[in-house]
Amino acid sequence: MIRALLVLAALLAFPVLEAWLLFRLGERFGWWVIAWLVFAAGCGVALIRMERLVWALRIAGSLRRQRSPIGALLASARSVVAGLLLIFPGVITDVLAILLLLWPLPPERPLDGDAPQDVIEGEFRREPTDRLPPRA
């Protein structure tokens, strides 16, 4: 119960903190804050539009390199979430979006897991001994 109240308090406090910070920055820097918000929202829209076109190419490229498409999906989801955070007006969400875009993703894994590269897979069957040449 206490954990739910803490989550609710954090969810209610975030917009208040965001608005307070915007008003403080607006008092200090004036119209530059509005210009920043418009620029950030434009960047967010452009990021989402670009990601809408690129996500299928990322997945196809990872499959062509015989890599798992999960990494490509995570990269696309990360870009969309960062775009949404940039569209939402506020400085804190813009910082979160930039940190989300700069955070490195783990390297892609091959589709077959961690198989060694010197193993050749194939099928085995035992030949009848009467067809084999005699041993010397």
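Is S79 buried or exposed, and what is its relative accessible area? S79 is buried, at 8% relative accessible area, and one of the views below takes a look around it. Everything shown here comes from a predicted model.

**View 1. The whole chain is a run of helices.** Four helices and zero strands turn up in the chain, so reading from the N terminus the order is simply α-α-α-α. The chain has 136 residues, and 18% of them are buried. Take the contacts with a separation of 6 or more: 65% of them link residues 24 or more positions apart. On the outside, the chain exposes about 11400 Å², with carbon and sulfur atoms supplying 70% of that area.

**View 2. Helix α1 packs against helix α2 at a slant.** Here α1 (residues 2-29) meets α2 (residues 31-64), with the axes 6 Å apart and an angle of about 125° between them. That angle makes the two helices oblique to each other, because it falls outside the 65 to 115 range for roughly perpendicular and is not over 145, where roughly antiparallel begins. On the α1 side, the contact uses L22, L25, G26 and F29. Facing them from α2 are W31, W32, V33 and L37.

**View 3. Helix α1 also crosses helix α4.** The partner this time is α4 (residues 91-102), whose axis comes within 8 Å of the α1 axis at a crossing angle of roughly 105°. The pair therefore counts as roughly perpendicular. From α1, the residues to pick out are F14, L17, E18, L21, L22 and L25. They meet V91, I92 and T93 of α4. Note that L22 and L25 of α1 appear in this contact and also in the one with α2.

**View 4. S79 sits in company.** S79 belongs to helix α3. Leaving aside residues up to four places away in sequence, S79 touches L47, E51, R58 and L101. Its relative accessible area is 8%, so S79 counts as buried, the cut-off being under 20%. Two of the residues that S79 touches, E51 and R58, come back in the next view.

**View 5. E51 and R58 join in a salt bridge.** A search of the whole structure finds two salt bridges, and this is one of them: the side chains of E51 and R58 meet with an N to O distance of 3.1 Å. How covered are the two ends? E51 is buried, with a relative accessible area of 2%. R58, at 28%, counts as partly exposed.

**View 6. R24 and E27 pair up along helix α1.** This salt bridge has its closest N and O atoms 3.5 Å apart. R24 and E27 are three residues apart in α1, which means that about one helical turn separates them. E27 is exposed, at 61% relative accessibility, while R24 is partly exposed, at 44%.

**View 7. A nonpolar patch shows on the surface.** W55, I70, L73, L74 and L105 make up this patch, which covers about 470 Å². Helix α3 (residues 70-87) gives the most to the patch, with three residues. One patch residue to look at is L73, which has its place in α3. L73 counts as partly exposed because its relative accessibility is 42%. S79 is in α3 as well, but S79 is buried.

Note on methods: Residues are numbered from 1 along each chain as its sequence is written. This is a predicted model: local features need pLDDT of at least 70, side-chain atom pairs count only at pLDDT 80 or more; totals for chains, interfaces and linings use all residues. Side-chain values use heavy atoms; hydrogens and water are left out. Patches are made of residues with over 30% relative accessible area and no salt bridge: like charges are joined within 9 Å, nonpolar side chains (Val, Leu, Ile, Met, Phe, Trp, Tyr) within 5 Å. Accessible areas come from the Shrake-Rupley method with a 1.4 Å probe; for residues, only the protein chains shown count as cover. A salt bridge is a side-chain nitrogen of Lys or Arg within 4 Å of a carboxyl oxygen of Asp or Glu. Buried means under 20% relative accessible area, exposed over 50%, partly exposed in between (1.4 Å probe, protein chains only). Contact means heavy atoms within 4.5 Å. Axes are lines fitted to C-alpha atoms, for helices over the stretch in contact, and angles run from 0 to 180 degrees between N-to-C directions. Angles under 35 degrees count as roughly parallel, over 145 as roughly antiparallel, 65 to 115 as roughly perpendicular and the rest as oblique.
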